[in-house]
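Please explain how this protein chain is put together. Take the reader through its core, its sheets, its salt bridges and its cysteines.

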Amino acid sequence: MTPDLVTVVVPTRNNERTIEACLRSVAGQSHPEVELVVVDNHSTDLTQSIAHRYAGSVLVAGPERSAQRNLGLDQARGSWFLWLDSDMVLPPECLATALDTADRLAVDAVALPERTVGDGFWTACRALERSCYLDDPWLHNPRLVRTGLMRELGGFDLSMSGPEDADLRHKIRATGREIALAPVLVDHDEGRLTLREVMVKRYYYGRSIPSFMEANRGAAVSQGRTILEAYVRNRRRLGRDPVHAVGMVGMRAAEAVAYGVGARRGSRDARDAGDAGDAGDGGSRS
């Protein structure tokens, strides 16, 4: 029986520090049938040069990772579609194990648990946080999905940058399909995080929250409740590392503020765009 072809799409921009390890891990998979597509958003460093060493196809496109992933989906020849950030590293058996999980459980979507690696206090806080989610399938977004299902759902929502993975999870579950959790661990190299970097990123992601909430009523509250339950379940783990646990709580609080400010900005931008559209329509009718 011929193994399924898996198309792996890696959107990127100016990630020369991490992209080689990412692409090398894809090229080194034990699963024999892999199509690697890199979609680069006009990098000005060595990202594209590195990508050409490993990828069968290197495309140049933006403006955001949702659009980049969708371009990769348009090009995909595989029966399965997997997307990675360019700071992620797959273990060698990752694809084989994920496909086996899909076959064994008869599912069309598989999540791959992640652990944070890197240096510094805030990175250790993030690593502790992620360790609380490893065994909770409801907190993992899919990462390996049948290509036909991805196309049926229309790929990633272009109005979102940050919540688009969670949006896809809700869309898949709305069809009645399950998302399995593969027994693998993907390394997410976040380098040396700073609290400022974390807040800037969450502010940016927060600008998409109004679109996410419009498409998924009640999902944000449900997600928050599930996260709190995960912390309660892992209270002993957190208690064994009180310094980073306190830092994690502080970081999550700062993220909540950044998300909130970003969401307000997103709502204001949407209103301004709507007002401009109304004015344009009025002008055309006069």
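**From the core outwards**

The largest nonpolar core has 31 residues, and V8, L84 and L112 are those with the most contacts inside it. The model is a predicted one. Several elements give two or more residues to this core: the strands β1 (6-12), β2 (34-40) and β4 (80-83), together with the helices α1, α2 and α4 (94-105). The largest share comes from α4, which supplies five residues. In soluble globular proteins, nonpolar side chains tend to be buried together.

L84 gives a view of the surroundings of one core residue. Leaving aside residues up to four places away in sequence, L84 touches V8, V9, V10, P11, C22, V26, L90 and R143. There is also a second, separate core, with 19 residues, and V39, F81, A109 and M150 are included in it.

The next topic is the sheets. Strands of a sheet pair through backbone hydrogen bonds, either parallel or antiparallel. One open sheet is formed by seven strands, and reading across it gives the order β3-β2-β1-β4-β8-β6-β9. Its pairing is mixed. The edges are held by β3 (57-60) and β9 (180-181); each has a single partner strand, so one side of each is left without a neighbour in the sheet. At the β3 edge, β2 and β3 pair in the parallel sense, over four bridges. One residue pair can be picked out there: V37 has S57, in β3, as its bridge partner.

Another open sheet is made of three strands, in the order β5-β10-β7, and its pairing is mixed. Here β5 (88-89) and β7 (114-119) stand at the edges, and because each has a single partner strand, one side of each lacks a neighbour in the sheet. β5 runs antiparallel to β10 (residues 186-192), and two bridges join these strands. Within this pairing, M88 stands opposite H188 in β10. A helix also belongs in this part of the picture: α5 (residues 121-131) lies across β7 and β10, and runs at about 165° to β7.

Salt bridges link charged side chains within and between the elements. How many are found in a search of the whole structure? The search gives 27 salt bridges. One of them is between R53 and E20, with the closest N and O atoms 3.3 Å apart. R53 is in helix α2 (residues 47-54) and E20 is in helix α1 (residues 19-27), so this pair ties together parts that are 33 residues apart in sequence. The two partners can also be described by their accessibility. R53 has 54% relative accessibility and therefore counts as exposed, whereas E20, at 24%, counts as partly exposed.

A further salt bridge joins R69 to E164, and the closest N and O atoms are 3.3 Å apart. This pair links distant parts of the chain, as R69 is in helix α3 (residues 65-75) and E164 is in helix α7 (residues 164-174), 95 residues away. Are these partners buried or exposed? Both R69 and E164 are buried.

The salt bridge between R252 and E255 stays inside one helix. Its closest N and O atoms are 3.0 Å apart. Both residues lie in helix α12 (residues 242-285), and their separation of three residues is about one turn of the helix. R252 has a relative accessible area of 24%, so R252 is partly exposed. E255 has a relative accessible area of 1%, so E255 is buried. Elsewhere, salt bridges that share partners join R65, R69, D85, E164 and D165 into one network. R69 and E164, the buried pair described above, are thus among its members.

The cysteines come last. How many disulfides does the structure have? The count comes to zero. C22 is in no disulfide, and the nearest cysteine sulfur, that of C94, is 11 Å away. A disulfide requires two cysteine sulfur atoms within 2.5 Å. C22 has 0% relative accessibility, so C22 counts as buried. C125 is likewise in no disulfide; the nearest cysteine sulfur belongs to C132 and is 12 Å away. C125 also has a relative accessible area of 0% and is buried.

Terms used
Residues are numbered from 1 along each chain as its sequence is written. This is a predicted model: local features need pLDDT of at least 70, side-chain atom pairs count only at pLDDT 80 or more; totals for chains, interfaces and linings use all residues. Side-chain values use heavy atoms; hydrogens and water are left out. Two strands pair if DSSP finds at least two bridges between them. Contact means heavy atoms within 4.5 Å. Axes are lines fitted to C-alpha atoms, for helices over the stretch in contact, and angles run from 0 to 180 degrees between N-to-C directions. A salt bridge is a side-chain nitrogen of Lys or Arg within 4 Å of a carboxyl oxygen of Asp or Glu. Buried means under 20% relative accessible area, exposed over 50%, partly exposed in between (1.4 Å probe, protein chains only). A nonpolar core is a set of buried Ala, Val, Leu, Ile, Met, Phe, Trp, Tyr and Cys residues joined through side-chain atoms within 4.5 Å.
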